[in-house]
There are 2 protein chains.
Amino acid sequence: MIETRARRREIDQVASELFHAHGYAATSVRDIARALDIQGASLYAHVASKEDVLFSIVDRAAAAFEAAAASAEAETSTADPVERLAALVEAHVDVVTSDPRRASVFVTEWRHLSADRRAAMAARRDGYERRFRGVIADGVAVGAFRSTDTAIAATFVLTALNGIATWYRPDGRLSADAVADQYVDLALRSLTEDHR
Amino acid sequence: MIETRARRREIDQVASELFHAHGYAATSVRDIARALDIQGASLYAHVASKEDVLFSIVDRAAAAFEAAAASAEAETSTADPVERLAALVEAHVDVVTSDPRRASVFVTEWRHLSADRRAAMAARRDGYERRFRGVIADGVAVGAFRSTDTAIAATFVLTALNGIATWYRPDGRLSADAVADQYVDLALRSLTEDHR
DNA sequence: CCTACCGATCGGTAGG
DNA sequence: CCTACCGATCGGTAGG
């Protein structure tokens, strides 16, 4: 049992790599199997369908983003909106840099999910984005952020953060912490009324 | 002659739509043909390969970004870096909103080009990004932008701008001009040292 | 996890 | 732009 669960996780990891590099549609079941040194048909001993592999990756990524945001908000619930947004941004960047391929698949390949799963994922994304919009609206209300279209502001920040998944490499020039610091700074400055 | 050129442009437009909606790999030659009300094989009377269609779209998009940036820089060459960056950002947003599907294909599907074309496109992208880095570095040098990693700052801004291609719709809540205004503001604020 | 196999679809060509 | 067709590959199943 524990063996098969480990194998299942291996499949997700190998598939993340391939989906990230070539995209879901351009990756065949046999490509995934080859990376695991098994036959194409043997993959179906572990998964019901190719789409299940994609869903598993995307679902785990969504859960990671949700958990990180929830704990960031819990830890800063009494703080001012600037600090709360900083915590949200940092949490998001941390999830991306902790597994950039998974994050990249989450961001770019979720449209290949079945209609049901796509709709469910869209709802989760909306909920996640609402956290950002809420904090930004709070900041505008107390005068910490300049008056702005909160939907646009949240989208601006989130797309910039998600972009990290496309270029970040763990062995790159910048450490994950350095990226997080820079991005928190850039994101907050884009919204704050005035810098002292 | 003019007929075939018009047909060729029609192919690019239809393919942009499909590549944007489903991705290059998940779009078949027959999907494109069906949208044009012709047989799958008939498409080869107009194009040499499926990849040629992708290249045509991506190449036109790249040319549009380059031309817009060059003219923006020409018009503001003597201005201060803040104004020059504002012009670059506005030009970029204008290209995206003028044809969001083409821009989206350019941003997300270029990895499906052949190795040669991919390398050439990577070089053009580098050149384009260098314009942004250059203006940001100039701004840092004169104290208009705060000291920052110019590569990170340019990537932050450009990924946020490219994100517009994924959500902007001409019939949406915000006009192209409104989006451009907001994004210029957000991008500049993320970099400026102090707001008056 | 394997071998053997399935129908469907893929990008593309030949010849008009 | 069409019909007819190609070999290759696709996701997936049967039966062990």
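1. A good place to start in this predicted model is a salt bridge in which the side chains of B:Arg133 and B:Glu129 meet, with N and O 3.7 Å apart. The two residues are separated by about one helical turn, because they sit four residues apart in helix 6 of chain B. B:Arg133 is partly exposed at 26% relative accessibility, and B:Glu129 is partly exposed too, at 22%.

2. Staying with helix 6, have a look at B:Arg117, which pairs with B:Glu51 in a salt bridge whose closest N and O atoms are 3.0 Å apart. B:Glu51 belongs to helix 3 (residues 50–75) of chain B and B:Arg117 to helix 6 (residues 115–141), so this pair ties together parts 66 residues apart in sequence. B:Glu51 counts as buried at 18% relative accessibility, whereas B:Arg117, at 23%, is partly exposed.

3. In chain A, the side chains of A:Arg102 and A:Asp99 form a salt bridge with an N to O distance of 4.0 Å. A:Arg102 is buried, at 17% relative accessibility, and A:Asp99 is buried at 16%. Both belong to a network of salt bridges that also links A:Glu17 and A:Arg101. Over all chains, the structure holds 36 salt bridges.

4. Now turn to DNA strand D, which has 15 residues around it; A:Arg30, A:Tyr44, B:Arg7, B:Ser42 and B:Ala45 come nearest. Of the strand's atoms within 4 Å of the protein, sugar and phosphate make up 53%. The nearby surface comprises six nonpolar, six polar and three charged residues.

5. Some individual contacts are worth finding on screen. A polar side-chain atom of A:Arg30 lies 2.7 Å from a base nitrogen of DNA strand D. Polar backbone atoms also approach phosphate oxygens of this strand: one from A:Lys50 at 2.8 Å, and one from A:Thr27 at 3.5 Å.

Definitions and conventions. Residues numbered from 1 in each chain as written. Chains lettered and ligands numbered in written order. Predicted model: local features only at pLDDT ≥ 70, side-chain atom pairs only at ≥ 80, totals over all residues. Heavy atoms only, no water. Near = heavy atom within 4 Å. Polar contact = N/O pair within 3.5 Å; in protein donor to acceptor, adjacent residues only side chain to side chain. Nonpolar A, V, L, I, M, F, W, Y, C, P; charged D, E, K, R; others polar. Buried < 20%, exposed > 50% of the residue type's maximum accessible area, 1.4 Å probe, protein only.
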